[in-house]
Amino acid sequence: MLIYNTSFHVEEQVLQQFLCFVKDDYFPAITQGMYLQNPRLLHLMNNVGDNLYGYAVMAEVPGDIVALKKWRKETGDALISSLQQKFGTKVVSFSTTMKVIKE
């Protein structure tokens, strides 16, 4: 199984708007098309900087890397673009694909 994780560094002044965006826009888009499942929002406990908060959205990829690439092309890239348009540099993100080795 693959895990798709996107980490975010969020400036304090837009934190509540960001959390609403994740709930109202990001989570529904993740599960659209069934390429990703079981999304979770995580608060990163390490210090990411002054007046910055760290969050991650993690989801399972029930298919293979081809399915994930298809989701990114159909939905993911537009979702990140929407995030950048809405928040500019006040929210910075990066994504990582991980393979589960042992459960």
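A salt bridge is a side-chain nitrogen of Lys or Arg within 4 Å of a carboxyl oxygen of Asp or Glu. The exercises below apply this cut-off to a predicted model.

**Exercise 1.** Determine how many salt bridges the whole structure holds, and which residues form them.

*Solution.* A search of the whole structure yields two. In one of them, Lys23 pairs with Asp24, with N and O 3.9 Å apart. Lys23 counts as exposed at 60% relative accessibility, whereas Asp24, at 47%, is partly exposed. A salt bridge also joins Glu11 to Lys90, whose closest N and O atoms are 3.9 Å apart. Glu11 belongs to strand 1 and Lys90 to the loop between helix 2 and strand 4, so this pair ties together parts 79 residues apart in sequence. Glu11 is partly exposed, with a relative accessible area of 26%; Lys90 is likewise partly exposed, at 31%.

**Exercise 2.** Establish where Glu60 lies and what its side chain contacts in place of a salt bridge.

*Solution.* Glu60 is part of strand 3. This residue is buried and has no salt bridge, the nearest side chain of opposite charge being that of Arg40, 4.1 Å away. Because the cut-off is 4 Å, a distance above it does not qualify. The side chain of Glu60 instead makes a polar contact of 2.9 Å with the side chain of Asn38.

**Exercise 3.** Identify which element gives the most residues to the largest nonpolar core.

*Solution.* This core has 25 residues; Phe8, Phe18 and Trp71 are among those with the most contacts inside it. Helix 1 gives the most, with seven residues.

Key:
Residues numbered from 1 in each chain as written. Predicted model: local features only at pLDDT ≥ 70, side-chain atom pairs only at ≥ 80, totals over all residues. Heavy atoms only, no water. Core = buried A, V, L, I, M, F, W, Y, C linked by side-chain atoms within 4.5 Å. Buried < 20%, exposed > 50% of the residue type's maximum accessible area, 1.4 Å probe, protein only. Helix = DSSP H or I, 4+ residues; strand = E, 2+ residues; numbered from the N terminus. Lys, Arg positive; Asp, Glu negative; His and termini not counted. Polar contact = N/O pair within 3.5 Å; in protein donor to acceptor, adjacent residues only side chain to side chain.
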